[in-house]
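Please examine the model shown here. A short exchange about its geometry is set out beneath.

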Amino acid sequence: MAKHDKNIGKGLKVVGHGLHVKDAVEKVTGTIRYGVDYEVQNMVHGRIIRCPHPHARITRIDASKAEDVPGFIGILTHDDVPQNDWEAAWFNYRGKVLDGVGRFVGDDMAAVAATTPEAAEKAAELVEIDYELLPAVFCMEEARKDGAPQIRDEGNERDPYGVAWGDVAVGKAAADHTVDCDIFYESQQYAPLGRNACIAEWMGDRVNVITSSQTPSELRDGIHEALGIPLSKIRVQALPSGSSFGQWWSNNFMMIAVLLARKVGKAVKIELDNEECMATVKRRHQERTRGSMGCTAEGELTYFEFDHLIDNGGYGFKDDVGFFCVDMWGKNGHGDYQIHGINTNMVTAGCMRGVGDCTLGASVERMADQLAEKVGIDPVRFRIKNQIVAGDELRMQHSRHNIKGAVDEYIKNVPEHLRKDWPELFKLSAGGTRALLELGSEHFGWDQRWKGWATPTHSDGSIRRGIGVGTGAHVCGVEFEGASNAMVRMNPDGSAKVHAAVGRQGAGAETTQAMVVAEELGLPLDQVAIETGDTDSCPWNHGSLASSTMYRTGWASREAARDVKRQLLAIAAKEFFDNVDPDELDVDDGEVVHRDPAKHNQRIRFADVLSELRSETLGQTSSITGSPRVPMPPSTTFARQFGAQFAEVEVDVETGQIKLLDFLCVQDSGTVVNPQVLKNQIIGAAICGSGFAIYEEMIFDQETGALENGNLLDYKLLRCADFPHDAEVLFVEDPDPVGPFGARGAGESPIAAGIAAVAQAVHNAIGVWVDMPMTPERVVAAIKAERDRHT
Amino acid sequence: MLAEHGPDAMIWAGGTDMTLHWQREKVSPTVCVDIRDVSQLDFIEVGNDAIRIGAMTALATLERAAGRHHILKMLSDITKLMCTPQTRTLATVGGNMCNASPAADLSPAFVALDATAVIFGRNGTREVTAYDFFVGVNRTAVAQDEILQEVTIPLPSDGEIHGSYRRIDRTVVDIALVNGSAAVTVGIDGVISKVGLGLGAVAPIILNAPDASAALEGTSLADVTRDKLAEVAAIAARHAKPITDVRASAGYRQDMVEVMLRRALEDAITNHGGKLR
Ligand SMILES: Cc1cc2nc3c(=O)[nH]c(=O)nc-3n(C[C@H](O)[C@H](O)[C@H](O)COP(=O)(O)OP(=O)(O)OC[C@H]3O[C@@H](n4cnc5c(N)ncnc54)[C@H](O)[C@@H]3O)c2cc1C
């Protein structure tokens, strides 16, 4: 087994430094091109015709009026579409591109192409569609019932997904205190500031697709499934997406662009407007947790029991959401979690940053807090008592299906000798929340500021202030959908290019992947460039999702660089270093050197080694390409990232308004590859989490399920000025045994931690728990309900 | 031009509301009369008896006028709540008035301050009170062939006026869910001679509350208590006829307009140097 080297990420030349992100200048000067900015020659414009009903089947389409619009080119209907199901990553979409049935208001029904966007819009309006109205259902509970309108052929409800360990009956018997919950979570919208567009251009029987995407490979897979054409004939060129949070993976409108372009025989661009981005693509699920938890008089958790519903909307097909709170609170010996994925006639729901952690995780945090309050232990100590540290068991191994089975299969296929350096599976390999809570509470002055449960730290007139702490955990990517791969090519001049299809969603992956490769190859960062979107040059990659990029793709990028280095040193040893063992050589600042300068003091430029390669192979090879040569250990079974956040809030008990006064984020993502990039991730997560906690909510029409606040005026996102400008981020770097230079994942644990911290701080300020989002109105109502309860 | 083209012609001031209305097809003018360069309408004048603000004064200009008079300071503080710094350089005071949104931020203050709108037309100018200026959602007393020229805020000759504005918003850039403004004039004898109130986002127009004003007028500044102001605010809030929409429920608006008015009154009294018990 690999030994846990605590110094793995120390004293490096590139990794660990706050270098500027590679696209900083492009972004600041506005020259970066997103999907909406892109054009190809002679392209025409597509517009999607959307369903006005929550559930309806097309009985007739008449495009004759649309044909009269000057510039009209053609229409795509379900009759033109292969009736194949395609699937987006993590079951974020499963269905046909068009099948003549609308499953929510705004669903894709057909599309027209015209010479200008205006003509396309006009033509789309003039297409007459008759519908047979079908009964619709918007509420998860209703959709589960026998006799409920059926939204999908597979039925409305997925098989329950479960995690169970120990014996809940024993845990219940051991409990001195118990709490119950029934909490409903509204949908959060990705609310992208950048919209998206997709251009599809056919060249013979090959198609080139240009769009903003975090998952270029999955998009190519989706097109392959939808059209039934070979993967080799599909090229995706994914452009930067801007903040995506999971929205721009592979989306049905992209499939429509591909099919419409084929139908009309011209390159087609479909550009979504703001409302389409918010109301027709996807969203975070509505969720509901019911359950109970118990602990001993000493505050040791004895059991968890949860039944959790997630609403998949029309085309989501998920059965699981973040069970990472299960792992994090894993000192507890007995548990049973059930998750049910249910379809409704509302816009598709899918993975948004911190899926499950922000909801189920928040429920667990709240209940844990309620138990801590009953026992009279403060929240920091309660967490330290009950949350896991490195070496502890990960509870998800008891998952009733999927994980254990899939992992066993994966392991079976890896020869024994390649497994010997793996960390122990199903135990946490590094990190934990304890160090975060200790460092954070000291820095925040927790012990001095804490006045007790439900006790404000300050009160004046209608103002109450309170502090809170929250924790979050997440995987660092998963292996179930395929192993993320990367390729590194060293060019004749000694510079290197990384090919890793992770997209660019503003999280800095283009920089940190290149940093890992630069470090491994002994190159300065500006000698390393990266291609993140072209599936013709990049091997398959899961994309930027599930907090996997730094960890799993970073591993692949480093292994690919190692492979390049191995080849480079072998040639150098033979040609320049008297056939020494290549292991005696190393790379340094673009040159090959001997590890012991006393033996060989020459320094050979990479370019000279490459040039030697060319003569060696009679000009057949002039560059070196490298790929990972060993399988990556199944990291879902041991790697986690953790966040702990501390917040102070101010609540006006008369108006219900909440202000965020102070924020401290402490993060354990293993080695920090780039502190600036990671700080941005953490602060961004804390802002997004706070927004979820206090404002963000998609409001749906009760009768039709249509989105009522599909604009940024009434869908309230926190602005920078709504968040403490002096919020701090501290890192605890417990290096990972597998990740590149000890790095782990980062994106999703911090959003969960922030939500829980704000929720608890509000409780401590006003003495009541408020369901999220804690809008002014809900705060006032909760205070009033509590007052009424006491009188 | 406005007269010539009839209802198809509209004024374009800063264009910040117009752009959105146009995009959402709430308006579809065929002629836009761009008055951005009419510099005669871009002024702030502080006189002994009144403050005059030209219709084309940008919110950013009003924001910077805080040092010139304490009432301008009050208005400047309001503009800081409005839009974004970028939008404030375009958006105008006249546009904010003429757009006549029930949730607009300057309007309740103008009603509370008992301001006058000076309207210019072919037959010269005419004046209406700020209260009468608003006729309905996006509807004002300005006729098709007229424009708003300026807003005049009267200053008392025998005392001092102080005002305040409060609103409920969610994030730093937001439209008020509900708002309230109060302006209190205290004579040299220390007695409150005039109280103006403006209630926003609780009816199609900005409301005032003469009965509530009357309940405070005639009280000596030294005698004003918190309870008294709460009572005045409660009377005023009875005028509200709020609706429920995606931003807030009618019930919340009803409760909050009272809180906003009470706080605005408290601020105004405190600004006078009154000690609240
Ligand atoms: C991002 C954003 C945030 C905003 N936030 C706020 C806010 O917080 N609070 C708030 O109150 N408003 C807000 N607004 C609304 C808007 O900015 C203001 O109402 C602004 O003051 C309007 O001025 P304008 O010069 O842009 O008007 P325009 O858009 O040019 O005109 C508005 C209307 O008034 C008419 N008009 C303009 N001037 C005259 C005139 N002199 N005579 C006759 N008719 C005239 C026009 O024909 C049009 O009907 C916001 C707008 C945006 C885009």
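The following questions and answers concern a helix, a sheet and the ligand surroundings.

Modeller: This is a predicted model, in which local features need pLDDT of at least 70, side-chain atom pairs count only at pLDDT 80 or more, and totals for chains, interfaces and linings use all residues. Residues are numbered from 1 along each chain as written, chains are lettered from A and ligands numbered from 1 in written order, and side-chain values use heavy atoms, without hydrogens and water.

Colleague: What should the 13 residues of helix α16 of chain A span?

Modeller: Helices are DSSP runs (H or I, at least four residues), numbered from the N terminus. The expected span is 1.5 Å times one less than the number of residues. For residues 509-521 the end C-alpha atoms are 18 Å apart, which agrees with the expected 18 Å.

Colleague: Which strands form the edges of the open sheet of chain B?

Modeller: Strands are DSSP runs (E, at least two residues), and two of them pair if DSSP finds at least two bridges between them. The five-strand order is β3-β4-β9-β5-β6, with antiparallel pairing. Pairing on one side only marks the edge strands, β3 (44-46) and β6 (124-129) of chain B.

Colleague: Which residue of β4(B) is the bridge partner of Val46(B)?

Modeller: β3(B) and β4 (residues 50-54) of chain B run antiparallel and are joined by three bridges. The partner of Val46(B) is Ile51(B).

Colleague: How far is a nitrogen atom of the ligand from an N or O atom in the side chain of Asp105(B)?

Modeller: Asp105(B) is among the closest of the 27 residues that surround the ligand (a heavy atom within 4 Å). The polar contact (N or O atoms within 3.5 Å) has a separation of 2.6 Å.

Methods
Polar contact = N/O pair within 3.5 Å; in protein donor to acceptor, adjacent residues only side chain to side chain.
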